[in-house]
Amino acid sequence: MSTFALLGIAAAGIALLLLLIIRFQVQAFVALIVVSILVAFATGMPIGEIISTLISGMGGTLGSVAILVALGAMLGRMIEVSGGASSLANRFTQILGPTRVPAALTAAALVLAIPVFFDVGFIILIPIVYGFCKAAKVDPVKYGLPVAGIMLAVHVVVPPHPGIVGGAAVVQGDVGWITLIGLAICLPLAPLAQIVGKWLNRRDYVMLPTTAEQFRQFGENKQDGHGAAASAPAKSPSVGTILALILVPLGLIMLGTTGATMLPKGDPLRDVLSFIGAPVFALLVAIGLAFLLIVRPLGWSRGHTNEVMESSLPPAATVILVTGAGGVFAKVLTVSGIGTALSGALAATGLPLILLGFLIALALRAAQGSATVAILATCGLLAESIASGGYSTVQIAVLTVAIGFGGLGLSHVNDSVFWIVTRYLGLSVADGLRSWTVLTTILGVAGFLLTWLLWALI
């Protein structure tokens with residue numbers, strides 16, 4: 001089949017995927033599987049190989065994704081239920097002082113976003129944002145906008161979040177390097193979120209009536225003497241405990257990545273460090289620490305602990321299935337020859353692959369709303385180009401992070417995150433487009449430019 005025909009089938013497949021998700025509101029997992037089958041038929045894939053290809057794509061992706069997402073969800077849920085998020089935010093505020101409350105909340109949000117999914121983490125922090133905003137006599141959008149922005153930035157480029165982990169599986173990227181690079185780039189984005197948030201808040205937004213009433217009633221007879229929300233349990237983990245649960249696995253991953261870079265293949269120490277630094281092992285260590293530092297001090301029973309951990313799995317299961325279906329679509333694109341055809345077509349454009357990855361992910365994000373689907377689909381389209389490009393492990397990680405930042409920008413009305421943020425901060429749709437959409441796009445472009453700078457240096 002000609003290159004033109006293969007690319008036409010790919011374009012039609014993506015258009016159909018967007019139509020199913022956006023217009024007909026078909027669940028993303030079902031839409032991805034259906035479109036994968038149709039693309040396989042359209043490209044002439046032998047009928048006897050289609051199902052085995054689907055299974056191979058699902059299994060290849062879930063092999064690395066399912067464990068990471070499940071363990072990450074459990075760790076985040078334990079931090080959430082224990083009241084650790086409140087401890088973290090309040091401690092950061094004490095350190096930076098009352099005049100720097102927005103910066104303190106943004107810093108706490110960056111740290112909390114590493115193990116906790118965006119929607120959960122933002123909802124956890126909303127009572128804290130409300131409490132400090134009431135004390136400062138300002139609207140929630142003043143403090144909440146940069147908090148949401150940096151949390152979403154971490155969500156799209158830092159494992160164990162599903163989009164970037166699934167993308168790494170598709171392009172065979174090193175999760176350790178992706179973690180280090182993603183975090184390093186998100187650090188300067190935190191103050192940028194503060195600056196852009198302050199600029200966007202130069203105008204006053206009229207709060208939605210329902211949010212205004214909710215904000216007015218918030219904290220009545222439920223605040224401490226400092227005006228902060230008393231949302232945490234009477235006994236909650238210290239900030240040191242929460243930081244340990246987040247930083248220890250990151251340190252182990254860094255150790256493994258450093259060993260793989262510095263030591264030669266076959267070195268026994270390298271093998272040991274690779275095992276210790278494997279993200280799965282690192283998260284297991286964090287779960288073990290959570291039992292020692294949260295479960296035992298708070299006196300949780302075995303039954304309650306199991307309930308907390310199991311309650312994290314239903315939402316994680318949906319994420320895992322969608323991520324796996326994205327892997328199926330990517331596998332079909334590769335096996336059918338579309339990836340090879342696209343690789344040749346992209347090479348002919350003369351545009352850098354890193355720029356193409358960002359732009360494709362940004363376009364898909366704007367079209368269908370899901371950052372996870374945008375990242376997975378883009379990685380699937382570019383997997384062949386990346387595999388045949390002779391790139392190093394670090395370069396593949398940088399390319400993957402660049403694609404992740406493409407999934408950050410242009411969050412608007414087809415994105416569930418848009419509605420979570422605007423409703424909790426009291427923004428109308430028009431004001432949400434003026435503020436939240438602008439913020440995510442600026443952060444996405446800035447994150448990509450920093451990634452591109454790193455690409456030029458290596």
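These are my notebook entries on what I looked up in this structure.

**Entry 1. Overall make-up**

I started with the kind of model, and it is a predicted one. I then looked up the secondary structure. The protein has 21 helices and zero strands. Next I checked burial across the chain. Of the 458 residues, 55% count as buried. I also looked at how far along the sequence the contacts reach. Among contacts with a separation of 6 or more, 81% join residues 24 or more positions apart.

**Entry 2. The nonpolar cores**

Which residues touch the most other members of the largest nonpolar core? I found Phe-122, Phe-405 and Trp-436 in that role, in a core of 109 residues. Helix α7, residues 140-157, gives this core its largest share, twelve residues. Another core lies apart from it and has 36 residues. I noted Ile-9, Leu-17, Leu-54 and Ala-374 among the members of that other core.

I went back to Phe-405 and looked up its contacts, leaving aside neighbours within four places in sequence. Phe-405 is in contact with Val-157, Ile-185, Leu-189 and Phe-358, among others. Its contacts also include Leu-443, Gly-444, Gly-447, Phe-448 and Thr-451.

**Entry 3. The cavity**

I turned to enclosed space. Rolling a probe the size of a water molecule over the atoms shows where empty space is left. How many cavities of 30 Å³ or more are there? I counted one. The largest cavity has a volume of about 140 Å³.

I then listed what surrounds the largest cavity. Its lining has 15 residues. Pro-159, Pro-160, Leu-250, Ile-253 and Leu-283 lie nearest its centre. Four helices each supply at least two residues of the lining: α3 (47-82), α9 (175-200), α11 (239-262) and α13 (279-298). The largest share, five residues, comes from α11. I sorted the lining residues by type. They divide into 14 nonpolar, one polar and no charged.

**Entry 4. Cysteines**

I searched for disulfides. The structure holds zero of them. I looked up two cysteines for burial. Cys-133 counts as buried because its relative accessibility is 0%. Cys-186 is buried as well, since its relative accessibility is 0%.

**Entry 5. The loop between α19 and α20**

I moved to the loop between α19 (393-406) and α20 (416-425), where Leu-410 lies. Gly-409 lies in this loop too.

Is Gly-409 buried or exposed? Gly-409 has a relative accessible area of 1%, so it is buried. I looked up its contacts beyond four places in sequence. They are Leu-362, Arg-365, Thr-440 and Thr-441. I also took a C-alpha distance here. Gly-409 and Ala-363 are 46 residues apart along the chain, and their C-alpha atoms are separated by 9.3 Å.

Leu-410 is partly exposed, because its relative accessible area is 30%. I checked its backbone as well. Phi of Leu-410 is near 55°, a positive value in a residue other than glycine. Most residues other than glycine have a negative phi.

**Entry 6. Thr-437**

I followed Leu-410 to one of its partners. Thr-437 lies in helix α21, residues 429-457. Leaving aside neighbours within four places in sequence, Thr-437 is in contact with Leu-410, Ser-411, His-412, Phe-418 and Gly-432. Thr-437 counts as buried, as its relative accessibility is 12% and buried means under 20%.

**Entry 7. Gln-172**

I looked for another positive phi. Gln-172 has one of about 60° although it is not a glycine. Where does Gln-172 sit? Its place is in the loop between α8 (162-171) and α9. Gln-172 is exposed, because its relative accessible area is 70% and exposed means over 50%.

**Entry 8. Ser-56**

My last stop was Ser-56, which lies in helix α3. Ser-56 counts as partly exposed because its relative accessibility is 36%. I then looked up its distance to Val-328. The two residues are 272 residues apart along the chain. Their C-alpha atoms are separated by 7.5 Å.

Definitions and conventions: Residues numbered from 1 in each chain as written. Predicted model: local features only at pLDDT ≥ 70, side-chain atom pairs only at ≥ 80, totals over all residues. Heavy atoms only, no water. Core = buried A, V, L, I, M, F, W, Y, C linked by side-chain atoms within 4.5 Å. Buried < 20%, exposed > 50% of the residue type's maximum accessible area, 1.4 Å probe, protein only. Contact = heavy atoms within 4.5 Å. 1 Å grid on protein atoms, 1.4 Å probe; cavity = no way out; pocket = protein on both sides within 12 Å on 5 of 7 lines; lining within 4 Å. Points joined across faces, edges and corners; volume = space filled by probe spheres on them. Nonpolar A, V, L, I, M, F, W, Y, C, P; charged D, E, K, R; others polar. Disulfide = S-S within 2.5 Å.
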